[in-house]
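Let's take a look at how a few helices sit together in this model. Have the viewer open and follow along.

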Amino acid sequence: MSTAAAPVRSGAVLADLLPAARRRYAVDAALVLGGAALTGIAAQIAVPVPGSPVPVTGQTFAALLIGTALGARRGFLSLAVYALVGMAGMPWFAEGTSGYAMPSLGYILGMLLAATVVGALARRGGDRSVLRTAGTMVIGSAIIYAVGVPYLALATGMSLSAAVAAGLTPFLIGDALKAALAMGALPASWKLLGRRG
């Protein structure tokens with residue numbers, strides 16, 4: 001019996017490497033719900049930022065990893081479940097908050113879009129090398145800020161420049177660290193599985 005791994009078809013994401021199951025819908029549902037739960041747990045890793053209503057959290061990192069690992073469709077569904085359940089009252093947004101009347105909701109909506117885009121990029125190999133993963137993470141982070149910062153300005157009455165100062169600038173170093181973690185973890189996962197392509 002051979003232990004060599006069969007090559008993965010082009011366009012695969014890490015979740016596609018799970019053993020085939022008769023109940024693929026059940027596997028997809030578990031991945032989607034697991035991704036939503038992981039995002040909710042990561043959101044509890046929160047550090048307040050002086051002068052900003054938005055804390056540094058682990059949820060952006062989780063959202064981008066979920067998108068790349070699950071692909072666009074499952075990544076979108078995971079973040080949609082996370083957003084909808086949190087807006088309905090589950091206290092799993094940053095710092096145990098919930099609801100839809102908060103200035104940081106735009107970042108959550110941005111994460112939903114970002115998970116979809118990075119999932120599509122991952123299907124095209126955007127998570128297979130360090131350089132590609134860096135580009136994928138930068139694009140995902142830019143999408144989160146492109147939605148989150150203007151929403152923050154509207155929700156708080158800040159000027160756009162004040163929203164950038166409070167809702168983007170303090171987070172750039174943390175985002176660089178998160179991107180560096182992803183740049184190591186994702187390509188290493190593919191290499192470990194012997195499935196580069």
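A quick term before we start: a residue counts as buried when its relative accessible area is under 20%, and as exposed when that area is over 50%. Keep in mind that the model is predicted.

## Helix α3 and what it packs on

By the cut-off just given, the buried residues of α3 are A72, R74, G75, S78, L79, A80, Y82, A83 and G86. They pack against three helices, namely α1 (24-43), α2 and α4 (105-123). An α-helix has 3.6 residues a turn, so residues three or four places apart point the same way.

Does the length of α3 add up? What span should its 16 residues cover at 1.5 Å a residue? The expected figure is 22 Å, and the end C-alpha atoms are 22 Å apart, so the two agree. Just past the end of α3, G89 has a positive phi of about 130 degrees.

L84 is also part of α3, but L84 is exposed, because its relative accessible area of 55% is over the 50% cut-off. Along the chain, L84 and G99 are 15 residues apart, and their C-alpha atoms are separated by 9.0 Å.

## Helix α2, mostly tucked away

Now for α2, which has 12 residues and reaches 16 Å from first C-alpha to last, close to the 16 Å expected at 1.5 Å a residue. Nine of those 12 residues are buried, so α2 is largely enclosed by the rest of the structure. The buried ones are Q59, T60, A62, A63, L64, I66, G67, T68 and L70.

What do the buried residues of α2 pack against? Their partners are α1, β2 (56-57), α3, α4, α5 and α7 (172-192). Directly after α2 comes G71, with a positive phi of about 95 degrees.

## Where α2 meets α3

Two packed helices are described by the angle between their axes and the distance between the axes. For α2 (residues 59-70) and α3 (residues 72-87), the axes come within 6 Å and cross at roughly 145 degrees. The crossing is right-handed.

On the α2 side, the contact is made by Q59, A63, I66, G67 and L70, while α3 brings in A72, R74, G75, S78, L79 and Y82. Sorted by class, the residues of this contact come to six nonpolar, four polar and one charged.

## Where α2 meets α5

α2 also packs on α5 (residues 130-156), at an angle of about 125 degrees and with the axes 11 Å apart. That angle makes α2 oblique to α5. Here, too, the crossing of α2 with its partner α5 is right-handed.

Which residues make this contact? From α2 there are T60, L64 and T68, and from α5 there are T136, M137, G140, S141 and I144. The class split for α2 with α5 is three nonpolar, five polar and no charged residues.

## T39, a residue to zoom in on

Finally, click on T39, which lies in helix α1. Is T39 buried or exposed? T39 is buried, because its relative accessible area is 0% and the cut-off is under 20%.

Leaving out residues up to four places away in sequence, T39 touches Q59, A62, A63, I66, L79 and Y82. Among these, Q59, A63 and I66 are on the α2 side of the α2 and α3 contact, with L79 and Y82 on the α3 side.

Notes. Residues are numbered from 1 along each chain as its sequence is written. This is a predicted model: local features need pLDDT of at least 70, side-chain atom pairs count only at pLDDT 80 or more; totals for chains, interfaces and linings use all residues. Side-chain values use heavy atoms; hydrogens and water are left out. Axes are lines fitted to C-alpha atoms, for helices over the stretch in contact, and angles run from 0 to 180 degrees between N-to-C directions. Helices (H or I, at least four residues) and strands (E, at least two) are DSSP runs, numbered from the N terminus. A crossing is left-handed if the near helix is turned anticlockwise from the far one by less than a right angle, and right-handed if clockwise. Contact means heavy atoms within 4.5 Å. Ala, Val, Leu, Ile, Met, Phe, Trp, Tyr, Cys and Pro count as nonpolar, Asp, Glu, Lys and Arg as charged, and the others, Gly among them, as polar. The expected span of a helix is 1.5 Å times one less than its number of residues. Buried means under 20% relative accessible area, exposed over 50%, partly exposed in between (1.4 Å probe, protein chains only). Angles under 35 degrees count as roughly parallel, over 145 as roughly antiparallel, 65 to 115 as roughly perpendicular and the rest as oblique.
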